[in-house]
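Please go through this structure with me in questions and answers, beginning with one strand and working outward to the rest of the fold. I would like each answer to give its reasoning before the name or value.

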Amino acid sequence: MILRDEIVPFHIAASSGPEDYDEDYDGIYEFDDIASVTTSISNSATNYKFENGRRYHSYKEGQWPVPNDEKQQNQMDLVHQVYSLRLEGKLYLAPITECPQKILDVGTGTGIWAMEMGDLHPSAIVIGNDLSPIQPRWVPPNVKFEVDDFNEPWVQTPGTYDFVHAREIHGAVSDWPKFCREAYRVLKPGGWIEVAESAAKLLSDDGTLPSNCALNTWLDNLAEGFEKIGQTVEVGPHISSWLRDAGFRDIVVKVFKLPVGLWPKDRTERDIGAFNLLNMTEYVEGASLQIYTKVLKKSLEETKKNIKEAQAEFKRKDYHMYIPFYVAYARKPEERF
Ligand SMILES: C[S@@+](CC[C@H](N)C(=O)[O-])C[C@H]1O[C@@H](n2cnc3c(N)ncnc32)[C@H](O)[C@@H]1O
């Protein structure tokens, strides 16, 4: 959708302190002082970088080695479609309160989850943050987007959120235990966190996916690259202990299968497989270009060859493959008196 690529007004989260601070000021700022600072930050967030035909974020340039252009936004919306089908239309699984007041979607991407959540819970203010201000201009009145870096100390007022949601941010978090502690800090007692992450792994239950196929080589390379930049892609197997160590309780981890391709006989599974095939063939290029060329130091030629091979293998009908998908949710305990 064209609106996404327009430069839209957005709010930059103040990383120097909590959102609702009440410091006494000696004097008042003149409008020009504020305007000159906010304008320069705003310009810097939309001063996108271009490389090998793809567009990348500019706020905290280099943090996220995946494009933010229209191609990638379409891919993010395909992921949303896949997850919605898998979770039977549910936006989340955590048993949150019926009338939440504040919801935070961390690394919101196109903001599609946050907007649907705003429609579903008109009682709530839903805030989505991201390094890229790529969310649409016309959003439900209770939805707000902010440019922010979730690897920095969180700016939200401690103890004020009913629900923190994070989806598909593996490869972007530099310290998961710290990330879970920050979520714990901003949640109200009794509030919930949900982390939904697919694995960077392809499996088949009937041995049709050879372990030495180009897809597995591609995924191994990708995982190695993200490890090298200190942003692991392996979340599912560890999320439970990270949440527990941060103080969360009532932890539930559910693992689903996301088929890729049209191989399943069951109609729903085949629908998921079809959307996921489109998703993955689009994802390959965006996820690989910078990791391969900048981190793994492969030539652009070799990178493009690997991308083509992986895209071709995703289309193989004889590979009955799927991706494990983890949904973890947990509660911040109520205060004891
Ligand atoms: C794969 S997308 C997922 C988007 C969305 N959560 C969804 O499920 O549709 C990952 C998003 O995380 C954002 N991101 C990466 N690193 C970030 C950071 N340090 N702080 C905030 N957002 C970040 C990216 O810009 C991108 O939009």
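Q: Why is strand β4 (residues 102-106) largely enclosed by the rest of the structure?
A: This is a predicted model, in which local features need pLDDT of at least 70 and side-chain atom pairs count only at pLDDT 80 or more, while totals for chains, interfaces and linings use all residues. Residues are numbered from 1 along each chain as its sequence is written. A residue is called buried if 20 or more other C-beta atoms lie within 10 Å of its own, exposed if 12 or fewer, and partly exposed in between, with C-beta atoms placed from the backbone. β4 is largely enclosed because the buried residues in this strand number four of the five.

Q: Which residue of β5 is the bridge partner of V106?
A: Strands here are DSSP runs of E with at least two residues, helices are runs of H or I with at least four, and both are numbered from the N terminus; two strands pair if DSSP finds at least two bridges between them. β4 and β5 run parallel and are joined by five bridges. Within β5, V106 has as its bridge partner N129.

Q: Which residue of β6 stands opposite V126?
A: β5 also pairs with β6 (143-147), in the parallel sense and over five bridges. β6 is largely enclosed by the rest of the structure, since four of its five residues are buried. Opposite V126, in β6, stands V143.

Q: Is P141 buried or exposed?
A: P141 belongs to the loop between β5 and β6, and its C-alpha is 9.6 Å from that of M115, a residue 26 positions away in sequence. Because 8 other C-beta atoms lie within 10 Å, P141 is exposed.

Q: Which element gives the largest share of the shell around the ligand?
A: The ligand is surrounded by 24 residues, a residue being counted if its C-beta atom, placed from the backbone, lies within 6 Å, and the closest are W64, G107, G109, R167 and A172. Elements that contribute two or more residues are α2 (70-86), α3 (112-120) and β5 (125-130). The largest share, three residues, comes from α2.

Q: How many residues of the shell around the ligand are charged?
A: For this division, Ala, Val, Leu, Ile, Met, Phe, Trp, Tyr, Cys and Pro count as nonpolar, Asp, Glu, Lys and Arg as charged, and the others, Gly among them, as polar. The shell then holds nine nonpolar and ten polar residues, and the number of charged residues is five.

Q: Which helix gives the largest share of the largest nonpolar core?
A: A nonpolar core is a set of buried Ala, Val, Leu, Ile, Met, Phe, Trp, Tyr and Cys residues joined through C-beta atoms within 7 Å. The largest one has 83 residues, and those with the most contacts inside it include V164, C180, L222 and A328. Its largest share, ten residues, comes from helix α7 (residues 267-295).

Q: How many other C-beta atoms lie within 10 Å of A328?
A: A328 sits in strand β10. Two residues are in contact if their C-beta atoms, placed from the backbone, lie within 7 Å, and, leaving aside neighbours within four places in sequence, A328 is in contact with residues including V195, I239, L243 and V253. A328 is buried, and the count of other C-beta atoms within 10 Å is 25.

Q: Over how many bridges do β9 and β10 pair?
A: Ten of the eleven residues of β10 are buried, which leaves the strand mostly covered. β10 pairs with β8 in the antiparallel sense over seven bridges, where S198 stands opposite F325. With β9 the pairing is also antiparallel, I323 in β10 being the bridge partner of L258, and the number of bridges between β9 and β10 is ten.

Q: Why are the buried residues of α6 on the same side of the helix?
A: In helix α6 (residues 236-246), the buried residues are G236, I239, W242, L243 and A246. These pack against α4 (176-186), β8 (187-198), β9 (249-260) and β10 (321-331). They lie on the same side of α6 because the arc they cover around the axis, taken from the directions from the helix axis to the C-beta atoms, is only 100 degrees.
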